[in-house]
Amino acid sequence: MPLSRRDWIRLSSVTGAGLFGGQSLFGQFFQPAAAGPSAQTRTLVTACGLCDSACGMQATVTDNVLKFLQGLPGDQHGNGGICAKGASAISTAYDPDRLKYPMKRTNPHKDLTADPGWVRITWDEALTTISQRFGGYLSQFGKESLLFVSRNSPELWSRFMNAIGVVNRVDHNDVCYMVDRIVQRYTMGPHTFAYDFANSKYILLFGWDLLARNKVVFCHQMMAAKEGGAKVVSFNPMYSATARVADEWYPIRPGGDLAVILAIIQVLLNENLFDRDFVGNYTNFAEYEGQIRENFQKYTPEWAEKESDVPAADIRRIAREFGERRPAVAPLHKKTIGANHANATQIAHAIAVLNILAGTIDRPGGRYFPRTISIPGVDAIYPPPSYPSKTGRRVDGRNLLPLAHEANNGMFSTLADGMLNKFPGMIRGVFWQNYSLGGFPSPRHIAEALKSVEFMVVMDILPVDAALLADIVLPSTMFLEGSDLISRTNNAKSPQVVVRQPVISAPFETRSIGWLAVELGKRLAPDYFRTDSGAWISPSVLLDEKTKRAGLANSFAEFRSIGMVTKEQPFVPRTTFATASGKCQIYVPEFAQRGYAPLPEWKPKRDLPSAEYPFFLLTYIPGVHRRNSTQNNKVLHEMMPENSVIMHPSAAARLGLGEGTPAVVRSRAGQITLPVHLSQTLRPDCVLVAHGFGHVSRALTLAGGKGARDADLIPDQTIEEILAAGNFGGSGCIMDAAVAVEAAG
Ligand code: SF4
């Protein structure tokens, strides 16, 4: 049943969202507490929560109305700056579309195009209903019957999931950093995003367009590296922002990065251009030297040229430069490369080997482990009874990928297959928090799967697409309304903690996920949410305790007034590494023990161009948006309201397409229609679509119906396909598609 304009007006009056009434409701709520000449202006320190860089912020607040956000001098991440997304978070805080009250659906027919018939309910009704439904499923169908699509944080939420024994917690990390995390764990130790670019002399970038992604910490560091004389070489099928500041750019064939990296390693080994001191003392090279040298011998630059279109002479020269200009580093970050293709596990391993051979693991100019202040967790402060065992079937099949299972991340890419085909009917109840359907490959499949469950709860800031399928919708606070202690992790040679504090009050009846954990915990697992004295755990008392025990201040209130603590200390490089051998592992015995390749080897990407689908699909996340969560932000929407299909003029001309021509883009997974945008910045055999657009929900008055989902072109996976491809790190292959383009009829 499609929604009429009238339906949406009624919906808005219930949600307070959107079209008419919502604006005035919000206007009333945010009236200054004391208008007039007595207006009080305060500046509060807090930390951004839009991306994991969590840049320090200063918030200017007048009479409880947030007026301005700017960077925090001295903050190691933002270095006094914030990006457009962070600065525009005010528009999200005051977005009239925000969810305001708990609601339940009255229309039993679930479909993205159907009016859910939301009606407002009390928090008490919401909590009672959720605990009764989830509790009933647990006792009747066991722990495997619940699916939590949610991060494993904050820790109170994690405690709640542990306390009720959630088997099927699924997160997005198979389409993000899971592969890199797994590979790092076995090659060098705990996962880190910290790079000391400012002291690097040679930076090899495979895919990571770190300037356009606009994470302030990395942008600053890259520019510092350039100013310090570092040479930057960018391999990217498009002439990205980072490629433009690089000294050399190679329009590499998608998926060919692995070939180039293998060939660089081959040259480094053959010409003994690696850091002999580091490799000799801190790696397992000597133990496996024969296997290592033999493994890479076949990957010559001439071979790599055929797989990558990068000239062999350039590969050889770059390898020599990389080996000689120290310190050198080859970074890998999140989705970039490490989740894009079926050969991502091999890429992550090969990049790890490059960095180990460069001798820059936890060394100046390299990839290092952040120095942090230890902040005790909730389980240390209030030790819980033993958690119940997590028995039951894993709906996404992750248990068949032991390393991903151990990492406790993933799997978006196999969830729909599990729910629809492998274990139909097993999942009865779903809790869904802060995730977009568009973050899944083949989002139509996951929507179909969600329609099949009996009871679904969605908690979010905004009426996102998933909420249209929910039985109960819960309104969430956002970071400007929350409290936390935030450690620096991406630029952290000295430990630093920044406060996150509410700079505005939580509007209407919004609540935090930590609050929800305690409230559901009281009802479903009370023994895990009491202190020794028998009182319920209080998130604010917990925060006080953490602040004290971390030595930051005597209370969280005191730390709020301090804002930031830095413990300057000399950077002392590690001499032992948190692997089984205590050394950096080029050859990974644990991979061999599981029957996986212990050394990186060539594998092609999954979907290659064919007569039917002649183009590589590329996707990107525009610098002005935070994945798929900011398209309804008024300021950012104005900067980039929708996406297009970007093509090289020569390719478009062959198809009779010009600037602005509506075009259909098709893959084996689905199709979308977008206007063509011509650009000479990408290879003629590639098609580029920005991620984050194509929201269905018309309750998102700005973003709803604007643009199209790139994910509709990207095939999701089965566990069997992942295993057959040797993709043992479980890459979600979030860019691995080939497409055809034609004029829209
Ligand atoms: S880079 Fe931007 S979005 Fe990310 S934390 Fe910093 S200000 Fe926020």
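The exercises below, each with a worked solution, concern a predicted model.

**Exercise 1. The open sheet**

Give the strand order of the four-stranded open sheet, find its edge strands, and describe how β9 is joined to β12.

Solution.
- Step 1. The order of the four strands is β11-β10-β9-β12, and they pair in parallel.
- Step 2. β11 (248-250) and β12 (328-329) each pair on one side only, and these are the edge strands.
- Step 3. Strand β9 (residues 202-206) runs parallel to β12, and two bridges join them.
- Step 4. In this pair, Ile203 stands opposite Val329 of β12.
- Background: the strands of a sheet pair through backbone hydrogen bonds, in either a parallel or an antiparallel way.

**Exercise 2. A helix across the sheet**

Which strands does helix α14 lie across, and at what angle does it run to β9?

Solution.
- Step 1. Helix α14 covers residues 312-324.
- Step 2. The helix lies across β9, β10 (231-235), β11 and β12.
- Step 3. Its angle to β9 is about 135°.

**Exercise 3. Helices α6 and α21**

Classify the relative direction of α6 and α21, then describe their contact.

Solution.
- Step 1. Helix α6 (residues 155-163) and helix α21 (residues 513-524) have axes that come within 8 Å and cross at roughly 30°.
- Step 2. Angles under 35 degrees count as roughly parallel, so α6 is roughly parallel to α21.
- Step 3. The crossing of α6 past α21 is left-handed.
- Step 4. From α6, the contact involves Leu156, Trp157, Arg159, Phe160 and Ala163. From α21, the partners are Ile513, Gly514, Ala517, Val518, Leu520 and Gly521.
- Step 5. By class, the residues of this contact between α6 and α21 are eight nonpolar, two polar and one charged.

**Exercise 4. Helices α10 and α13**

Are α10 and α13 roughly parallel or roughly antiparallel, and which residues make their contact?

Solution.
- Step 1. Helix α10 (residues 257-270) packs with helix α13 (residues 301-308) at an angle of about 170°, the axes being 8 Å apart.
- Step 2. Angles over 145 degrees count as roughly antiparallel, and α10 and α13 are therefore roughly antiparallel to each other.
- Step 3. α10 contributes Ala259, Val260, Leu262, Ala263 and Val267 to the contact, while α13 contributes Pro301, Trp303, Ala304, Glu307 and Ser308.
- Step 4. The residues of the contact of α10 with α13 comprise eight nonpolar, one polar and one charged.

**Exercise 5. Around the ligand**

How many residues are around the ligand, which come nearest, and how do they divide by class?

Solution.
- Step 1. There are 14 residues around the ligand.
- Step 2. Cys48, Cys51, Cys55, Cys83 and Gly86 come nearest.
- Step 3. The shell divides into eight nonpolar, three polar and three charged residues.

Notes. Residues are numbered from 1 along each chain as its sequence is written. This is a predicted model: local features need pLDDT of at least 70, side-chain atom pairs count only at pLDDT 80 or more; totals for chains, interfaces and linings use all residues. Axes are lines fitted to C-alpha atoms, for helices over the stretch in contact, and angles run from 0 to 180 degrees between N-to-C directions. Angles under 35 degrees count as roughly parallel, over 145 as roughly antiparallel, 65 to 115 as roughly perpendicular and the rest as oblique. A crossing is left-handed if the near helix is turned anticlockwise from the far one by less than a right angle, and right-handed if clockwise. Two residues are in contact if their C-beta atoms, placed from the backbone, lie within 7 Å. Ala, Val, Leu, Ile, Met, Phe, Trp, Tyr, Cys and Pro count as nonpolar, Asp, Glu, Lys and Arg as charged, and the others, Gly among them, as polar. A residue is near a molecule or strand if its C-beta atom, placed from the backbone, lies within 6 Å of it. Two strands pair if DSSP finds at least two bridges between them.
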